[in-house]
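Dear colleague,

I am handing over the structure we spoke about, and you will find it just below. After it I have written out what was found, beginning with the ligand and then moving outwards through the rest of the chain.

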Amino acid sequence: MRRALFPGSFDPLTNGHIDIIKRSLPLFDEIIIAVLRNPDKDPMFTVEERRDMIQEIVLPMSTENCLLTVDFFSGLTAVFARNKGATAILRGIRTVSDYEYELRMALMNRHLEPDIETVFLMADEEYSYVSSTLMKQVFKLGGDVDGLVPAVVAEKMREKLGEGE
Ligand code: PNS
């Protein structure tokens, strides 16, 4: 059983994340998309809202050979991955600057859990500038993020913005 954990903040899920998930489908039997419950950040969406959105968008993308599931966690990614029986941690890389941060994280995770490998996948160039942080910033300032986040996410972002007014 090749089970991978795809950890992240996913606040919100972007089309860059979806691209990584689609690319990883042929590589694993199961991918757990794991939303970090991060008390340090001031998120746009609660982890429950993020989980529900991801479930709605991503679960139908499961294939005959790869099951997609969604969960949330707090604490160390490496420990959660081990507890879930994952043998790989999946991360997407957009740019060289991502690589430096990701390399340090991967090496730390390997230090913590030597049997779990980090697998990096390169996102399509189309998404090289797409990050959750930029999506929120641009959206809040009235910019258009259609095509960069799933339609369901754009709709929920519009609702959030409405709530805040
Ligand atoms: O989507 P993000 O914010 O880039 O995801 C970062 C994430 C959640 C993968 C990273 O912050 C993380 O693993 N946090 C959990 C705490 C942890 O394990 N820290 C040590 C990793 S070096």
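**The ligand and its surroundings**

In the side chain of arginine 91, an N or O atom lies 3.0 Å from an oxygen atom of the ligand. Please keep in mind while reading that this is a predicted model, and that the distances and angles below are computed from it.

Two other side chains come up in the same way: serine 9 has an N or O atom in its side chain that is 2.6 Å from an oxygen atom of the ligand, and threonine 77 places a polar side-chain atom 2.5 Å from an oxygen atom of the ligand. The residues around the ligand also include Gly8, Leu36, Lys41, Gly75, Leu76, Tyr101, Met105, Met108 and Asn109.

Of these, asparagine 109 was examined further. It belongs to helix α4, and its relative accessibility of 11% is under the 20% limit, so asparagine 109 counts as buried. If residues up to four places away in sequence are left aside, asparagine 109 touches Ala78 and Ile89.

**The sheet and the helices on it**

The strands form an open sheet of five, in the order β3-β2-β1-β4-β5 and with parallel pairing. Strands β3 (67-73) and β5 (117-122) stand at the edges, and because each has a single partner strand, one side of each is left without a neighbour in the sheet. From one strand to the next, the twist averages 30 degrees.

As for the pairing of β1 and β2, residues 3-8 make up β1 and residues 30-36 make up β2, and the two strands pair in the parallel sense over six bridges. Within this pair, proline 7 stands opposite alanine 34 in β2.

Helix α4, which spans residues 96-112, packs on the sheet and touches β4 and β5, and its direction makes about 170 degrees with that of β4. Helix α1, made of residues 15-24, lies across β1, β2, β3, β4 (88-93) and β5, and runs at about 115 degrees to β5.

**The loop between β1 and α1**

Two backbone features in this loop deserve a look when you open the model. Phenylalanine 10, whose place is in the loop between β1 and α1, has a positive phi of about 50 degrees although it is not a glycine. With a relative accessible area of 3%, phenylalanine 10 is buried. Proline 12 lies in the loop between β1 and α1 as well, and the peptide bond that leads to proline 12 from aspartate 11 is cis, with omega near 5 degrees.

**Salt bridges**

The structure holds 15 salt bridges, and I describe some of them here. One joins glutamate 48 to arginine 37, with the closest N and O atoms 3.5 Å apart. Since glutamate 48 lies in helix α2 (residues 47-58) and arginine 37 in the loop between β2 and α2, the pair ties together parts that are eleven residues apart in sequence. Both ends count as partly exposed, glutamate 48 at 32% relative accessibility and arginine 37 at 37%.

Another salt bridge is formed by aspartate 71 and lysine 84, whose closest N and O atoms are 2.8 Å apart. Aspartate 71 lies in strand β3 and lysine 84 in the loop between α3 (77-83) and β4, so this pair ties together parts that are 13 residues apart in sequence. Lysine 84 has a relative accessibility of 31% and counts as partly exposed.

What does glutamate 113 form a salt bridge with? The partner is arginine 82, and the closest N and O atoms of the two are 2.7 Å apart. This pair links distant parts of the chain, with glutamate 113 in the loop between α4 and β5 and arginine 82 in helix α3, 31 residues apart. Glutamate 113, at 11% relative accessibility, counts as buried, whereas arginine 82, at 45%, counts as partly exposed.

Finally, a network of salt bridges links Asp11, Arg50 and Lys136. Aspartate 11 is thus named in two places in this message, since the cis peptide bond to proline 12 starts from aspartate 11.

With best wishes

Notes:
Residues numbered from 1 in each chain as written. Predicted model: local features only at pLDDT ≥ 70, side-chain atom pairs only at ≥ 80, totals over all residues. Heavy atoms only, no water. Pairing = 2+ DSSP bridges. Helix = DSSP H or I, 4+ residues; strand = E, 2+ residues; numbered from the N terminus. Axes fitted to C-alpha atoms, helices over the stretch in contact; angles between N-to-C directions. Contact = heavy atoms within 4.5 Å. Salt bridge = Lys/Arg side-chain N within 4 Å of Asp/Glu carboxyl O. Buried < 20%, exposed > 50% of the residue type's maximum accessible area, 1.4 Å probe, protein only. Near = heavy atom within 4 Å. Polar contact = N/O pair within 3.5 Å; in protein donor to acceptor, adjacent residues only side chain to side chain.
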